[in-house]
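Please look over the structure shown here before reading on. The briefing below takes its features one topic at a time, in a form meant for a student in the first year.

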Amino acid sequence: MKDRPGIHVIPFAIIVAAALLSPAARAQGDPSELKGIDSGDYNVHQSIEFGYRSSNINGNLNTYDTFENLGSGLRLFDYTLNMRSIDHNGFLFDNLSFSNFGYGGDPNNVTRLRVEKNKWYDFRLLFRRDKNFWDYNLYANPLNPAALNPVGSTTTGCIVSPPSVLTATPPGVPGLPAYCSSPAVPQNNSLHALDLVRRMQDYDLTLMPLSKIQFRLGYSRNRDQGPGSFTTDGGTISDFNEAYSYTTNAYRAGVDFKVLPRTTISYDQFLSYFKQDNVVSDNPAASPGNFGFVLANTSGLGTPNNTPVDLGNIWSTQTHAEALPCAAPIATGTTNTANPTCNGFLSYSQVGRPRNFMPTERLRFQSNYFKNFEMSGSFGYSSSDNVIPDFLETVNGYTARTGERGSTTGGPANAKRVSVNANWSGAYAVTDKLRILDEFRYDNWRIPGMWALDETNIFGTGYAGLAGLQQSEAVFNTANCPAPYSAVTCPQHAATSAADEINGLASTFLGQNLKSNTLELQYDFNRRVSAHIGYLYTNRTIAQFSDTNDSELIYFPGGTGSARGNCATGTVTAVDCTLNADGSMTYTAPAAASPVRSLTTINENALLLGAVVRPIDALRITGDLEFGYSDNSYTRIDPRQVQSYKVHANYKPRPWAILDGAVEIHENRDNVTTVNNLEHDRSYSFGALLMANQRLSVDFGYNYWDVYTQSEICFNYSVTYAYPNPAPPPPTLTGIAFTSPPGVATTACPIPGASVGAPPTATPPGTGLGALSTYSSTDHFAHAAVMWKPMKRVTAMVGYGGSFVRGNTIYLNPLTPSGSLDFNYQRPYASLAIELYRNLTYKMSWNYYGFSQTGNTNPFGLAGIQSPDFNGSNATFSFLYAF
Amino acid sequence: MPSSTVTRVSVLLIAFGVLSSLGIAQPQEKAATASKPVPPVQEKSLPGKTDTTPSDYAGAEACKTCHADIYNGWEKSPHWKQTYKEGGLAKHGCEDCHGPAASHAADPSDTSKLFLFEKASAKEIDNRCLSCHAGGTQHMNAINSEHARNEVSCVSCHSPHHGKESDFLLVKSQPELCYSCHLAQKAQFDMPFHHRVNEGLIQCSDCHNPHGTVKPKQVRTSSTQDAICFKCHTDKQGPFVFEHAPVKVDGCQSCHLTHGGPNPHMLKLSNVNLLCLQCHTTSSFSSAPGAPSFHNQASLFQSCVLCHSQIHGSNFDATLFK
């Protein structure tokens with residue numbers, strides 16, 4: 001846990017008092033009216049704000065850094081430089097603008113530079129560096145269960161039910177399912193935590209910006225790197241270290257022709273190169289924190305004694321389904337000796353280097369050449385070629401459910417994206433009041449992919465007295481495993497063991513062809529009322545297939561031998577399996593039928609309505625409505641029916657008062673049988689800006705945001721109290737099966753047309769449950785700010801912003817905290833700026849951050865996770881010098 | 001470079017040459033028009049005032065005598081570049097936008113021939129500004145502008161004389177300028193999980209083109225004609241051998257709130273599993289495979305992304321494990 005120094009109250013008070021009482025506080029002028037200085041041919045404005053931030057945050061600093069990440073230290077809060085040629089004829093440039101903020105340790109640093117010489121060039125530079133620290137610990141958290149009942153409970157051992165339920169008769173029924181772990185290991189960090197730094201650079205140069213032919217050149221670079229975490233399916237799940245490294249270099253060149261009056265034709269060429277050099281690793285050197293256990297093996301054979309073991313991050317040792325890392329992870333009488341039959345890792349690595357080359361060409365035009373008719377359009381062609389020649393994943397560990405001791409996976413992969421798009425828009429003014437607008441859009445892309453898989457599954461040796469991780473990885477060759485393949489150094493297969501080598505070919509395709517046209521009439525009834533009505537038609541076809549051929553499987557002998565799987569007796573013909581000289585068997589898959597391409601065609605029709613009304617000069621009301629219907633949907637949450645209502649009113653009753661109100665309502669429905677998807681997103685907003693005079697202004701607003709989603713889902717859920725708990729187990733507890741999550745109304749699944757894990761016609765059919773998944777969230781957001789200049793050289797501000805979120809959803813796993821469903825996030829602030837001398841201002845500000853989750857933050861049975869809550873304040877002290 | 005790209009570049013270079021030739025031919029027209037009086041503004045932008053003559057114009061220096069403050073502000077602004085056009089300051093000063101002012105100079109109460117922005121409709125203002133700005137890289141699709149459709153004119157956001165921002169002469173800096181109408185979005189960006197707009201790292205105009213695009217909500221596209229999200233989130237762009245199809249077909253907003261929200265990673269639901277199961281429930285109306293039978297939600301499968309960590313797409317695993 002990080003710690004931040006506090007604000008020292010007494011020195012702070014002295015500084016404030018000194019500043020307020022200083023005679024210098026009665027000087028100066030308004031910085032916004034600074035004239036700058038004339039230096040040579042240029043008028044120069046410059047400002048710099050430099051100071052110190054003191055951060056004093058309590059609670060979960062990882063959450064704070066995820067949200068804010070403003071720490072203590074010296075900072076360059078702002079620096080600007082503006083130079084303007086007085087006679088518009090500077091030597092190298094006529095105007096220069098340079099601004100910066102955030103340097104010195106803040107998470108967001110931005111530099112903007114613009115240099116231009118009016119007729120000749122316009123150069124812009126944008127540099128952005130952002131630190132992306134992310135560790136909200138309720139995301140990607142395995143929710144490990146607790147070990148013991150809470151204090152006050154009459155039982156010990158695994159948790160069966162809340163104490164209140166335990167008193168019921170029969171005890172434990174109904175109650176929460178049995179979760180427990182020995183030991184209990186709460187997971188206080190997200191397994192997908194990140195600490196990345198991204199640097200984005202954009203350079204754009206326009207040559208001869210005022211001429212009929214102007215040229216544009218540009219370059220962008222995006223570099224993202226830093227440590228993060230990676231999880232993947234294995235015997236268990238561990239947070240492997242991932243060293244992120246992404247780089248994109250993008251070049252662009254373009255030219256604009258103004259060959260006809262009021263007509264521009266542009267051509268652009270883009271060349272982008274993306275490369276990824278991420279490395280995932282898990283070993284005692286790279287991830288010492290993961291390897292808290294050692295393997296005991298004094299036999300001198302197999303895996304060496306005291307080899308460090310990573311038992312992963314899921315600790316649910318006595319769960320009914322699959323205990324992880326195993327039922328008894330730690331050897332009796334020890335604190336860090338791993339059970340060798342546990343799921344675990346001795347090492348892991350994954351390396352792949354995707355290289356993606358993405359050229360794009362684009363031709364655009366815009367014309368007002370014809371009277372009363374304007375049009376614009378573009379045509380573009382883009383292709384991406386993503387090549388990954390050398391992917392390699394190496395796993396050294398033990399997976400209990402498959403008996404595998406490791407694996408390697410590699411092979412070249414290649415994916416392409418080809419995109420063609422075009423659009424045309426035209427608007428014809430029939431009269432001064434009536435306008436017809438038509439817009440057509442064509443967007444066609446396809447992504448074919450291929451991966452040549454080369455996978456090796458590694459099994460353990462068969463040394464007597466050793467098990468699981470203690471057995472070293474067996475290497476199959478004639479020296480280690482000679483006929484009759486019964487040596488202990490042979491790989492030890494079970495009858496159900498997978499093939500030792502898999503050479504496959506995966507071929508995939510995804511594409512979409514979209515055509516859309518919008519026809520709209522716009523009419524001005526008078527200067528106060530105008531309206532538009534339109535019709536949108538969109539047709540899109542989505543095509544996809546995925547075909548994976550395990551074209552060749554090789555089964556090594558050892559253990560139960562090579563005649564297993566596809567080469568087990570009676571399962572394949574002799575033509576498909578070949579016995580090799582080394583005792584292995586090769587299964588060659590028969591030629592697969594051509595994959596059937598799945599096609600989804602969607603026709604969308606929508607009515608568009610809108611109006612702008614100005615009943616009085618000071619009031620403007622705009623409204624936009626959309627009513628859409630689609631005859632199909634691609635996903636279950638794609639709407640077939642869309643309704644959208646947007647109304648915004650802007651009222652300026654006085655020159656010093658601006659009032660705004662807005663209503664936005666979006667209703668989406670895919671309410672066909674078995675889906676029943678309903679969504680709404682509704683917001684109601686109000687804002688006001690009152691500027692009584694230059695010395696006092698008030699800004700406040702409120703927003704209510706209401707989100708709701710529902711859909712039918714199917715899932716598997718079963719809990720059986722097979723474990724004898726509590727001891728002695730009451731007869732009514734042993735063997736009780738809970739078939740639905742507490743508090744969730746379920747139906748049998750398959751619901752009509754749906755199933756879990758197997759199609760409805762399968763034998764046996766799917767055995768899951770069906771339920772209506774619901775999620776609702778409401779947010780009350782309020783903000784206010786008051787600016788007051790009690791005297792000419794003093795500016796004070798106080799403000800507040802707060803979000804109050806409340807929500808509800810179903811819980812499939814009762815160990816899930818309510819988390820982001822219920823919280824308050826409040827951020828009041830205050831600042832004071834005092835002009836000490838001419839051009840010099842002293843500034844102080846105070847920002848408070850209070851994040852607190854409410855609701856069920858610590859569900860019964862969950863190994864207590866550190867609360868994400870935090871609160872505290874930042875104080876900044878700075879000097880602003882400007883001229 | 002792939003041969004197909006070479007071919008494409010060659011074709012487009014030829015097109016470039018043809019267009020260049022057209023551009024070279026243009027000076028003849030320019031020479032032909034040089035001797036004619038240069039109309040200060042496009043005809044289209046002066047409805048009903050096409051019969052102007054050079055004598056109707058007073059020149060910027062005349063305006064300065066009464067409107068010195070405005071003149072001085074304009075003189076320091078990017079609009080001063082107009083004076084580099086033929087005719088210089090005399091013909092491309094204040095009257096470039098405000099119309100002929102000779103009669104106003106003679107009689108200050110006579111504003112009949114002036115274009116007064118505060119009295120003009122949004123469409124008239126837009127036409128006036130676009131007479132010069134149309135066709136620029138940012139205004140190519142002004143015809144599709146939702147702002148224009150709702151009569152939010154250029155001067156709603158830009159102030160040629162009193163811009164607070166030297167860049168683009170905005171009346172306020174972003175995002176406060178946008179928040180003044182888009183009130184709900186202000187609340188979304190104040191959520192704990194949000195894009196860093198309030199922090200100044202990115203701006204509304206990085207993702208939206210306020211002057212119009214061909215996409216809904218005036219969203220920009222990346223240079224590769226893909227979602228603008230991939231400009232920053234380069235690792236999610238692919239193409240991948242195994243795509244998570246909705247990412248490309250429906251867009252990032254299938255699962256994420258694009259501005260900000262209460263849930264981690266701006267997800268639309270608080271629970272990842274429920275988000276996945278919304279689609280991954282086998283039914284007659286879904287192309288997504290259902291969750292397999294061993295995914296017992298009561299036990300080890302608390303978060304789908306623990307195993308399916310490459311949720312945006314993978315090159316090596318159809319189940320998006322790695």
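What follows is a briefing on chain A as a whole, on its aromatic rings, and on a few residues at its surface.

The model is predicted, and every value given here is computed from it. The secondary structure of chain A comes to three helices and 37 strands, and of the 883 residues in this chain, 52% count as buried.

**Chain A overall**

- When contacts in chain A between residues at least 6 apart in sequence are considered, 67% of them join residues that are at least 24 apart.
- The area that chain A exposes is about 37,300 Å², and carbon and sulfur atoms supply 61% of it.

**Aromatic rings**

- Over all chains, the structure holds 40 aromatic pairs.
- One of these pairs is formed by A:Tyr825 and A:Phe870, whose ring centres are 6.0 Å apart and whose planes stand at 75°, so the pair is edge-to-face, given that planes over 60 degrees apart count as such.
- This pair links distant parts of the chain, since A:Tyr825 belongs to strand β35 (residues 823-837) of chain A and A:Phe870 to strand β37 (residues 870-882) of chain A, with their positions 45 residues apart in the count.
- Both A:Tyr825 and A:Phe870 are buried, and they belong to one aromatic cluster whose members include A:Trp134, A:Tyr849 and B:Phe193.

**Charges over rings**

- The charged end of A:Arg597 sits over the ring of A:Phe509, at 4.3 Å from the centre of that ring.
- In chain B, B:Arg128 lies over the face of B:Phe115, and here the distance to the ring centre is 3.9 Å.

**A:Lys275 and its contacts**

- A:Lys275 is found in strand β10 (residues 263-276) of chain A, and with a relative accessibility of 35% it counts as partly exposed, because this class lies between the limits of 20% and 50%.
- Although A:Lys275 and A:Arg355 are 80 residues apart along the chain, their C-alpha atoms are separated by 4.6 Å.
- Leaving aside residues up to four places away in sequence, A:Lys275 touches A:Ser245, A:Tyr246, A:Thr247, A:Pro354 and A:Arg355.

**A nonpolar surface patch**

- A nonpolar patch of about 620 Å² on the surface is made by residues that include A:Tyr428, A:Val430, A:Leu519 and A:Phe627.
- A:Val430 has its place in the loop between β18 (404-429) and β19 (434-459) of chain A, and at 37% relative accessibility A:Val430 counts as partly exposed.

Key. Residues are numbered from 1 along each chain as its sequence is written. Chains are lettered from A and ligands numbered from 1 in the order in which they are written. This is a predicted model: local features need pLDDT of at least 70, side-chain atom pairs count only at pLDDT 80 or more; totals for chains, interfaces and linings use all residues. Side-chain values use heavy atoms; hydrogens and water are left out. Rings of Phe, Tyr and Trp (its six-membered ring) pair if their centres lie within 6.5 Å; planes under 30 degrees apart count as stacked, over 60 as edge-to-face and the rest as tilted. Helices (H or I, at least four residues) and strands (E, at least two) are DSSP runs, numbered from the N terminus. Buried means under 20% relative accessible area, exposed over 50%, partly exposed in between (1.4 Å probe, protein chains only). A charge sits over a ring if NZ of Lys or CZ of Arg is within 6 Å of the ring centre and within 35 degrees of the ring normal. Contact means heavy atoms within 4.5 Å. Patches are made of residues with over 30% relative accessible area and no salt bridge: like charges are joined within 9 Å, nonpolar side chains (Val, Leu, Ile, Met, Phe, Trp, Tyr) within 5 Å. Accessible areas come from the Shrake-Rupley method with a 1.4 Å probe; for residues, only the protein chains shown count as cover. A salt bridge is a side-chain nitrogen of Lys or Arg within 4 Å of a carboxyl oxygen of Asp or Glu.
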